[in-house]
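Let's take a walk through this structure together, starting with the whole chain and then stopping at a few places along the way. Keep the 3D view open as you read.

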Amino acid sequence: MKNSLTPEFRKSAPKNLKIIERSDSLYHYARVVSNTRFGSQPSAIVYCRNAKDVKYCIDYCKEENFDFRIRSGGHQHEGMCSANDVMIIDLSEINKIEKVPEKSDQAWIPSGMQLETVYSELGITNQTIPGGGCQSVNVGGLTQGGGWGYSIRKFGFTCDNVLEVEMILPDGNIELVSEMNHPDIFWALKGGGGGNFGVVTRFRFQLSELTPKVTNFALSWTKRADIEYVISTFMNLHTKTGDEELNPALSSSCTMILADPNKEKEKRKLGPGEHSLVDGRMGGQFYGSKEKLVKLLRESYPELNITKKSFSILKQVPKEQAKGDDIKTKTGLPLAPKSSLHRHQAVIADFLNPTSSYQLSEYVETVCADRDFRILPTAPASTCDRPHPHKISSSFPKKFSETDNEKMTKDIYDFMAKSCYYSDVNKYMSFHCLGGAIRKNPENRVFAFSDKPYMLQIQCWWDDISNAFTNETRNTEYVNWVEEFKTYLSPATEGSFINFVDYHLVDNPSTPEGKLELLEIYYGKEKLHMLRKIKTKHDQKELFKFKMSIPPFDK
Ligand SMILES: Cc1cc2nc3c(=O)[nH]c(=O)nc-3n(C[C@H](O)[C@H](O)[C@H](O)COP(=O)(O)OP(=O)(O)OC[C@H]3O[C@@H](n4cnc5c(N)ncnc54)[C@H](O)[C@@H]3O)c2cc1C
């Protein structure tokens, strides 16, 4: 394999194609990916502006046998949108939404666009897509991995709303892929994970209405009894189906997070053997008014005594301001990216820092418990504001009777409380809702766990002030915490979500057998078999290949 581009690549390139190579002063900026634990040194980053630019890169790489990776936003948790000595085909400059003529409820949304911009632009006409919970993520990778977010129970995964895809296929052709053209690839793109079947430049989406009023909310608790009640009730509610099913207008998550004992006002006592305080949170989005949300939460969590007074409405960012470069988050970072070069690093607040979240649509209101959310002294204020070193892992419960749910909640609390608290790291467990719209037609997407009530996500995010690339001791310690946590939970859990990817779910993921074992955890046996058949048919020679790509069958 070659490790730098030939001069011919530049010479014959489409006019003004932005190519950043190692010698370029912007190189170290351009190569950064969301998880700064990974510091790959690609040969070049090529910023494509349309499908023809992408085709030019693919044709070159094929001809020259040059290894490449595709990057929309660079958020893949294991840094697999980059590698040493490859060409990164970056799509962040393809970022203009185009409405479909005569179909006001459809739009072409490019892979390189950040959710924050998607929500803002569609919000102007009070429309949306069910995207991710974190608004800095980009459409390309999110959608191909399924796309979980706070509209999932109402409108399904992000991928469920895709009608057509413009992409460059392994044979080098630019095609519109849909149920009519290459339906097998179309299916594989709905949750099969990015980077396997071609380069997607844009998606034609079915848009959803934001009306009637949409309410974002966040609440928190500090007492163990309250936290366990909220989380086990959340699990039980999402287990119910049929007439008893929780109103799908509500999509929410709960979190158990290690809290800062030094900032503790209530002087909570640690239990025997406990090292850390644990806070509980619940947040989400409800398609309805604040009044209706309060009623639903009161009925669903009767012991909590939630009233309208539990929330105060947050100040909204006015529409006209929300477009400029001037808006800052609480941490002082700009909300809108200044340069397209670091679009994949742009800033938006998230659930960890709910007091700085905002929405553009007139129909969206954000309400929040009127209390201190206890952001840790030197830990990231938000996971979505910019790249951070991190490690995450996801799974689903094997069993979910009320007794199982109660035990799972207690076990997780015990593990958290016995974990070491550090002021520079957010350690938490998220419980993400499933059910609602995704119970319908599970065969239409690759996701193999549509019957599960909720998903677990262990998360550990720290900062790189002291240079994560060299601080291996700290990186290892935090990664090990996630490893220990998932081993502790493994008797009660199974499967994993490809968007919340963890490369180390098996002992030897880099061997062919280990890779298959790993992929089976994400896709299940049957759906992995289908994906491999599609790969064999369209990309037997593995033009699209990376550490976790779908392997074809031998012919
Ligand atoms: C802070 C943060 C918050 C997140 N929140 C959520 C969430 O709420 N919900 C959720 O579902 N996920 C979430 N994720 C996971 C995220 O959806 C996945 O990591 C997703 O792959 C990111 O997409 P991307 O385009 O930004 O990433 P990239 O790293 O650019 O791409 C991901 C993978 O897809 C490939 N790829 C990228 N673009 C294309 C393309 N156009 N054509 C073909 N292949 C492509 C890449 O090579 C890579 O393998 C989050 C991740 C982070 C870091």
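## A guided tour

Of the 555 residues in the protein chain, 62% are buried. Keep in mind that what you're looking at is a predicted model. If you go through the secondary structure of the protein chain, you'll find 12 helices and 20 strands. How much of the contact network links residues 24 or more positions apart? Among the contacts in the protein chain with a separation of 6 or more, such pairs account for 74%. As for the outside, the protein chain exposes about 22500 Å², and carbon and sulfur atoms supply 51% of that.

Now head for strand S19, which covers residues 454-462. Nine of its nine residues are buried, so the strand is largely enclosed by the rest of the structure. You can check this one face at a time. On one side sit Tyr 454, Leu 456, Ile 458, Cys 460 and Trp 462, and on the other Met 455, Gln 457, Gln 459 and Trp 461; all of these are buried, and both faces of S19 are covered.

Which strands pair with S19? One of them is S17 (residues 390-397), which pairs with S19 in the antiparallel sense over six bridges. To find your place in that pairing, look for Ile 392, which stands opposite Gln 459 of S19. Another is strand S18 (residues 425-433), joined to S19 by nine bridges, and these two also run antiparallel. Here a handy marker is Asn 426, whose bridge partner in S19 is Trp 461.

Next stop: the ligand. There are 32 residues around it, and those that come nearest are Ile 70, Ser 72, Gly 133, Trp 148 and Val 200. Sorted by type, this shell holds 12 nonpolar residues, 19 polar ones and one charged one. Strand S3 (68-71), helix H5 (139-144) and strand S10 (199-206) each supply at least two residues of the shell. Which of the elements gives the most? That's H5, with three residues.

Zoom in on the atoms and a few polar pairs show up. An oxygen atom of the ligand lies 2.5 Å from a backbone N or O atom of Ile 70. Ser 111 uses its side chain instead, with a polar atom there 3.3 Å from a nitrogen atom of the ligand. Then there's Gly 141, where a polar backbone atom is 3.0 Å from a ligand oxygen atom. Overall, the protein covers 96% of the 950 Å² of accessible area that the ligand has on its own.

From Gly 141 you can hop over to Gly 195. The two are 54 residues apart along the chain, yet their C-alpha atoms are separated by 8.4 Å. Gly 195 is found in the loop between helix H7 (183-188) and S10. Is Gly 195 buried or exposed? Its relative accessibility is 17%, so Gly 195 counts as buried, the cut-off being under 20%. Leaving aside neighbours within four places in sequence, Gly 195 is in contact with Ile 70, Gln 144, Phe 544 and Phe 546. You've met Ile 70 already, among the residues that come nearest the ligand.

One last stop is Glu 228, which lies in helix H8 (residues 224-239). Glu 228 has a relative accessible area of 10%, so this residue is buried too. What does Glu 228 touch? Not counting residues up to four places away in sequence, Glu 228 touches Thr 409, Lys 410 and Tyr 413.

Conventions:
Residues numbered from 1 in each chain as written. Predicted model: local features only at pLDDT ≥ 70, side-chain atom pairs only at ≥ 80, totals over all residues. Heavy atoms only, no water. Buried < 20%, exposed > 50% of the residue type's maximum accessible area, 1.4 Å probe, protein only. Helix = DSSP H or I, 4+ residues; strand = E, 2+ residues; numbered from the N terminus. Pairing = 2+ DSSP bridges. Near = heavy atom within 4 Å. Polar contact = N/O pair within 3.5 Å; in protein donor to acceptor, adjacent residues only side chain to side chain. Areas by Shrake-Rupley, 256 points an atom, 1.4 Å probe, with all protein chains shown as cover. Nonpolar A, V, L, I, M, F, W, Y, C, P; charged D, E, K, R; others polar. Contact = heavy atoms within 4.5 Å.
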